[in-house]
Amino acid sequence: MERFYITTPIYYVNDRPHIGHAYATILADVLARYHRLLGIPVHFLTGTDEHGQKVWEAAQLAGIPPQAQCDRTVVRFQQLWEQLAITHDDFIRTTEPRHTAVVQEILAELHERDEIYSAEYEGWYSVSEERFYTEKELVDGRSPEGKPVQRIRETNYFFRMSRYQQWLIDYIESHPEFIQPEQRRNETLGFLRQPLGDLCISRPRSRMPWGIELPFDRDYVCYVWFDALVNYISAVGYRRDEETFRRWWPADCHLIGKDILTTHTVYWPTMLHAMGLEMPRTIFAHGWWLSGGSKMSKSTGNVTDPIEMADRHGVDALRYYLMADMTLGQDAVFTEEGFALRYNADLANDLGNLASRVLRLVERHRDGRIPHPDETAAGPAEETLRRAVLAAVGEMERRLRAMQIDRGLAAVIGAVRETNRYVDQSAPWTLAKEGATTRLATVLYHACEALRIVSGLLFPVMPGKMAELRASLGLTGEEIAPRLERLRVWGELEPGRPASAPPSLFPRIDRRAHDTAARGAARRPAAKKAKTEGLISFQEFSRLALRTARVLEAEPVAGADRLLKLTVDLGDERRQIVAGIAPAYAPDDLVGRTVVVVANLEPATIRGVRSEGMLLAARQGDRLGIVTVAGDVAPGSAVG
RNA sequence: GGCGGUGUAGCUCAGUGGUAGAGCAUGCGGCUCAUAACCGCAGUGUCCCCGGUUCAAAUCCGGGCACCGCUACCA
């Protein structure tokens, strides 16, 4: 019997949730919901990875046990998933006994079977970074980060991964669906052309106190991947609940980011093989959301906060944008501008407006009840509409199975446009004036029926808004959540049910206001509206010496909460600049970054510190974002 | 350096051996039920460059350039 077991990566509990986490989890949720819509039993797993150095340090800092630290931070994910309408069936934490005990059993068995052995390892170790480097990685006798290293010998445990190299190559080659998209499959095969080493799976407890103890050596804990990856099987009852395990394993889809490709396409398959378990059907690597060409990440400071986006424009709109604007597997660009364009075009103008116009007509002319259609009053226009909408049902299902959600959504929006066309051509408002009540009822019924099907197809992506819309069509209770077999049939909507126009489903985003905010400092053609107040001439603009600068040093200004004292390289000189960005940036975040400064600003003394210029930053309420330069530009370059 | 990917309308992208497509943005027209919305029409492109195969290539082959990813760093 067909079933669908889908997983997200487990997220590091110490991370602050960002758009990357949100995207992966929403994607998994959308896939899970679509499979439920198809009537397929679904098991959707997500969770958190809770061991490791950073958790330990954070706990030390907070003066609490590491488990308490995890308990404290895990809620950030759990709450976010709730806010984003995530419908996972299980949430596994790697510190739970149901996980740790299974990891230990697996380790014990593999050790017994000589799949795990101990060996002495010698290498260059950086104490401050807590990691080893190979001879080749060292730069001038230091770590690539410039930290001192020392030669140390250490015994560790290794998993005999190398012995499965050829098996893995053969498996990947004979299972084209195993690693997707194809590019990632090639990447993995490319990686496997080099000799595969054994995998170090332990850390001495003295160096890494927070982890799962090795059952055969209490001085060691299990190292990250052998712990984390096992969540996919421990969560569904491996070695604990045979029936549940057989029901769900092997997983149908491990959804991962492209940054953890190798761990999932090399480590994990060989681990499973050593355990004698089946391979997951598909490991699917999605792309990243980029902002101005760089990866969204905390270290580059360009994180878009998913919670804020959801608060501002609605969870459903965020989910829709993320699903509609990314071709699965490729990278995509995340911008407010892109969001607004997509939202207005598809949701406000096409779908929201369609619902509004149709349901208001129903309210006004049919007493707020789903009208009774008269088939003798139906003609070719109704047939065209019916075909177009039902075709979208098939298209959505096809695209979904091919992991092309964006294309499926485009097909559904196409059906919405077709319905708008139908309403225009049938002109129900004219029919009302002419008193053609039978024909009017028929037209409005067909338009509502199209809305019923479309709302069902979009439900997995926008469960909240589509539930509202479906309720407006008179659906209640269990009818709100759609089922495919009811979407495939035209004419399911029951006449006579109460229908009402909901308050604006997707209010338009005012792009004029948005543009002003978004463009701010961006250059605009000044000539066009030269007479308008508040504009400056190009000459006036030219007086500003905007230049790029590299931050060399940064430190807080004593006695000031908001100020940082920066030393910057302007290419031909060094400058000291005081900037009020301490609330948003730690000094270490800034060093090495290329920023934009006003170089010919009159010097000033702020809090007793001389400032020779101004650092540009965008401000929104109390949020701050420094202005940086995309691409590699030398310090001192002119900006304009 | 090796491997892989990408390069198509202003933007985001689809596509195919046979007169170049969609959405958005733009312009014009229509309608007025509706969220300054909707509907219609209109464009614009050396389909990265050079060469080859072919009756015919943007689509196949060879070479090059640019960007991205993975991987390796050779003397």
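This passage walks through the RNA-facing surface, one small sheet, the aromatic pairs and the cysteines of a predicted model. Local features need pLDDT of at least 70 and side-chain atom pairs count only at pLDDT 80 or more, while totals for chains, interfaces and linings use all residues. Residues are numbered from 1 along each chain as its sequence is written, and side-chain values use heavy atoms, with hydrogens and water left out.

A good place to begin is the RNA. Around RNA strand B there are 33 residues, of which Asn 349, Gly 352, Asn 353, Arg 357 and Asp 424 come nearest; a residue is near a strand if one of its heavy atoms lies within 4 Å of it. By class, this surface has eight nonpolar, ten polar and 15 charged residues (Ala, Val, Leu, Ile, Met, Phe, Trp, Tyr, Cys and Pro count as nonpolar, Asp, Glu, Lys and Arg as charged, and the others, Gly among them, as polar). Helix α13 provides its largest share, twelve residues. Sugar or phosphate accounts for 73% of the RNA atoms within 4 Å of the protein, and bases for the rest. In the side chain of Asn 349, an N or O atom is 3.4 Å from a phosphate oxygen of RNA strand B, and in that of Arg 357 such an atom is 2.5 Å from a base nitrogen.

Elsewhere, three strands form an open sheet in the order β10-β12-β11, with antiparallel pairing. Strands are DSSP runs (E, at least two residues), as helices are (H or I, at least four), numbered from the N terminus, and two strands pair if DSSP finds at least two bridges between them. Two bridges join β11 to β12, and Leu 214 stands opposite Asp 217 in β12.

The whole structure holds 22 aromatic pairs. Rings of Phe, Tyr and Trp (its six-membered ring) pair if their centres lie within 6.5 Å; planes under 30 degrees apart count as stacked, over 60 as edge-to-face and the rest as tilted. Tyr 23 and Trp 289 form an edge-to-face pair, 5.9 Å centre to centre with 80° between the planes. This pair links helix α1 to strand β15, 266 residues apart. Both Tyr 23 and Trp 289 are buried, meaning under 20% relative accessible area (exposed is over 50%, partly exposed in between; 1.4 Å probe, protein chains only).

Finally, the count of disulfides, pairs of cysteine sulfur atoms within 2.5 Å, comes to zero. Cys 70 is buried at 0% relative accessible area, whereas Cys 200 is partly exposed at 22%.

Note on methods:
Chains are lettered from A and ligands numbered from 1 in the order in which they are written. A polar contact is a pair of N or O atoms within 3.5 Å; within protein, one must be able to donate a hydrogen and the other to accept it, and residues adjacent in sequence count only if both atoms are side-chain atoms.
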